[in-house]
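Student: Could we go through this structure together, one piece at a time? I would like to practise reading it.
Tutor: Happy to. Have a look first, and then ask away.

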Amino acid sequence: MAATGRKHLVRDFNHFITCYLCRGYLIKPTTVTECLHTFCKSCIVQHFEESNDCPKCGIQVHETNPLEMLRLDNTLEEIIFKLVPGLREKEEQQELEFWKKNQPKANGQAENLRFQRLGLPDVGGDDRDDGGDDDDDAGDEDYHRSDPQIAICLDCLRNTGQAGESTVTDLMKRFIRCSSRVTVGTIKKFLSLKLKLPSSYELDVLCNGEIMGRDHTLEFIYMTRWRLHGENTYPMVLEYRPRIDFG
């Protein structure tokens, strides 16, 4: 016998797939882990710039940094795109138009933009430059705020007589606050550009004397190398040096 249940319309699910803040469909749905309410990523990040409470239930999400309690829900995003015809294409088109308007003027700026999204400083120019007068980056500086943040100190590890000693030097600004999802590979690239090293030049990044893998994130290093070794100091200290060839 054929099923006789009525067909469901998209509006039947609107309560579950719309944002409480903007009333539109959830774009990059982001869930508050403390209360499991979900909002558009941009909406909830903007809200947490003014308040530490969930805008829907009023619970305090975090005393100081509620952004640490946010998690993207990629599964829900895919469900919404399947339910709402044309929504994915519309968002992709809007994103494309945004980048056409805000694309960097040079390759160096493209690399800077990538680092800025992760919270790393500008790699161009002198370390003394505070970067406050670059208007082109003003609209891009917020992208990393939804990630949990971590403070690190980058120290140059000096071994007397080691090859490359004169090339690898201290950064003038050693203390950095950036996304905890930054990988060691990104840190190496940042250091190479900041120190103006040749592209073929290899660096090692160490924590507590142990060389870190290229794909290790700062969060992983903090949890498994820094905190578990009884280090209570903050920020986490990472050291870098020219790669030693044992061959």
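**Helix α6 and the two sheets**

Tutor: Let me start you off: just after α6, Lys 196 takes a positive phi of about 55°. Keep in mind that this is a predicted model.

Student: Thanks! How many of the 11 residues of helix α6 are buried?
Tutor: A residue is called buried when its relative accessible area is under 20%. In α6, the residues that pass include Val 184, Ile 187, Phe 190 and Leu 191, and also Lys 188 and Lys 194. The helix, residues 184-194, is largely enclosed by the rest of the structure because the number of buried residues is 9.

Student: Which strands form the open sheet with mixed pairing, and in what order?
Tutor: Let's work from the edges: β5 (175-179) and β7 (210-211) each have a single partner strand, so one side of each is left without a neighbour in the sheet. Within the sheet, β4 (residues 149-156) and β8 (residues 236-242) pair in the parallel sense over 5 bridges. Ile 152 has Met 236 in β8 as its bridge partner. The full order of the 5 strands is β5-β4-β8-β6-β7.

Student: What angle does the direction of α6 make with that of β6?
Tutor: Helix α6 packs on this sheet, where it touches β4, β5, β6 (203-207) and β8. Its direction and that of β6 make an angle of about 125°.

Student: And at what angle to β8 does helix α7 run?
Tutor: Helix α7, residues 218-226, lies across β4, β5, β6, β7 and β8. Relative to β8, the angle is about 105°.

Student: Now the sheet of 3 strands: what is its order?
Tutor: This open sheet has antiparallel pairing, and its edge strands are β2 (38-40) and β3, each pairing on one side only. Strand β1 (residues 29-32) is joined to β2 by 3 bridges, with Thr 30 standing opposite Phe 39. The order is β2-β1-β3.

Student: Which helix lies across β1, β2 and β3?
Tutor: Look for a helix spanning residues 41-48. It runs at about 95° to β2, and its name is α2.

Student: Is Leu 72 buried, partly exposed or exposed?
Tutor: Leu 72 sits in strand β3, residues 70-72. Leaving aside neighbours within four places in sequence, it contacts Lys 28, Pro 29, Thr 30 and Lys 41. Its relative accessible area is 49%, and the class between 20% and 50% is partly exposed. Leu 72 is therefore partly exposed.

Conventions: Residues numbered from 1 in each chain as written. Predicted model: local features only at pLDDT ≥ 70, side-chain atom pairs only at ≥ 80, totals over all residues. Heavy atoms only, no water. Helix = DSSP H or I, 4+ residues; strand = E, 2+ residues; numbered from the N terminus. Buried < 20%, exposed > 50% of the residue type's maximum accessible area, 1.4 Å probe, protein only. Contact = heavy atoms within 4.5 Å. Pairing = 2+ DSSP bridges. Axes fitted to C-alpha atoms, helices over the stretch in contact; angles between N-to-C directions.
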